[in-house]
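Work through these exercises with the model open. Try each task before reading its solution.

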Amino acid sequence: MAHIAAVAGISRRCLAKWYARWRTHGEDGVLDHSSRPSASPTRTSEGIADLVEALRRQTRYGPARLAAELERLHAVTVAPATASSCVAA
């Protein structure tokens with residue numbers, strides 16, 4: 001296996017992982033697939049994302065101030081990074 005990995009220009013560990021996938025799932029196991037999770041239970045709700053976007057349009061505040069205003073005005077706690085991702089998406 002080490003020789004095959006060297007010829008292919010990949011690590012032995014990577015080859016072992018691919019080989020295990022191939023043995024378990026056949027050719028489908030080695031095809032490219034998304035690494036995105038199928039579910040995100042802690043994802044920000046649409047309602048809160050809409051609230052962040054509306055406040056951003058009204059005030060043009062940055063993420064930290066948006067988060068502070070959401071807590072002050074609506075008792076909604078979000079991290080500045082979450083506020084930023086809601087506006088950027």
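The exercises below concern a predicted model.

**Exercise 1. Check the length of helix α3 (residues 46–59) against its expected span.**

Step 1. Helix α3 has 14 residues.
Step 2. At 1.5 Å a residue, α3 should span 20 Å.
Step 3. The end C-alpha atoms of α3 are 20 Å apart, which agrees with that span.

**Exercise 2. Find the buried residues of α3 and say where they lie around the helix.**

Step 1. A49, V52 and L55 are the buried residues of α3.
Step 2. Recall the helical repeat. An α-helix has 3.6 residues a turn, so residues three or four places apart point the same way.
Step 3. Look down the axis of α3. Its buried residues fall within an arc of 130°, so they line one face of the helix.
Step 4. Turn to the face away from the buried side of α3. That face carries the exposed residues E46, R57 and Q58.
Step 5. Now look for the cover. The buried residues of α3 are covered by elements including α4 (63–74) and α5 (80–88).

**Exercise 3. Repeat the analysis for α4.**

Step 1. Helix α4 has twelve residues. From first C-alpha to last, α4 reaches 16 Å, close to the 16 Å expected at 1.5 Å a residue.
Step 2. Its buried residues are L66, A67, E69 and L70.
Step 3. Seen down the axis of α4, these buried residues fall within an arc of 165°, so they line one face of the helix.
Step 4. The face of α4 turned away from its buried side carries the exposed residues A64 and R72.
Step 5. The cover over the buried residues of α4 includes α3 and α5.

**Exercise 4. Describe how α3 and α4 are arranged, and list the residues that meet.**

Step 1. Choose the descriptors. Two packed helices are described by the angle between their axes and the distance between the axes.
Step 2. The axes of α3 and α4 come within 10 Å. They cross at roughly 110°.
Step 3. Angles of 65 to 115 degrees count as roughly perpendicular. α3 and α4 are therefore roughly perpendicular to each other.
Step 4. From α3, L51, V52, L55, R56 and T59 take part in the contact. They meet L66, E69, L70, L73 and H74 in α4.
Step 5. By class, this contact of α3 with α4 has six nonpolar, two polar and two charged residues.

**Exercise 5. Which residues just after α3 and α4 take a positive phi? Are they buried or exposed?**

Step 1. Just after α3, R60 has a positive phi of about 65°. R60 is a residue other than glycine.
Step 2. R60 sits in the loop between α3 and α4. Its relative accessible area is 58%, and R60 is exposed.
Step 3. Just after α4, A75 has a positive phi of about 55°. A75 is also a residue other than glycine.
Step 4. A75 lies in the loop between α4 and α5. At 66% relative accessibility, A75 counts as exposed.

**Exercise 6. Place C86, decide whether it is buried or exposed, and list its contacts beyond four places in sequence.**

Step 1. C86 belongs to helix α5.
Step 2. The cut-off for buried is under 20% relative accessible area. At 8%, C86 counts as buried.
Step 3. Leave aside neighbours within four places in sequence. C86 then contacts T44, A49, V52 and E53.
Step 4. Two of these contacts, A49 and V52, are also buried residues of α3.
Step 5. Compare sequence with space. C86 and A8 are 78 residues apart in sequence and 42 Å apart in space, C-alpha to C-alpha.

How values were computed
Residues numbered from 1 in each chain as written. Predicted model: local features only at pLDDT ≥ 70, side-chain atom pairs only at ≥ 80, totals over all residues. Heavy atoms only, no water. Helix = DSSP H or I, 4+ residues; strand = E, 2+ residues; numbered from the N terminus. Expected span 1.5 Å × (residues − 1). Buried < 20%, exposed > 50% of the residue type's maximum accessible area, 1.4 Å probe, protein only. Arc of directions from axis to C-beta. Contact = heavy atoms within 4.5 Å. Axes fitted to C-alpha atoms, helices over the stretch in contact; angles between N-to-C directions. Parallel < 35°, antiparallel > 145°, perpendicular 65-115°, else oblique. Nonpolar A, V, L, I, M, F, W, Y, C, P; charged D, E, K, R; others polar.
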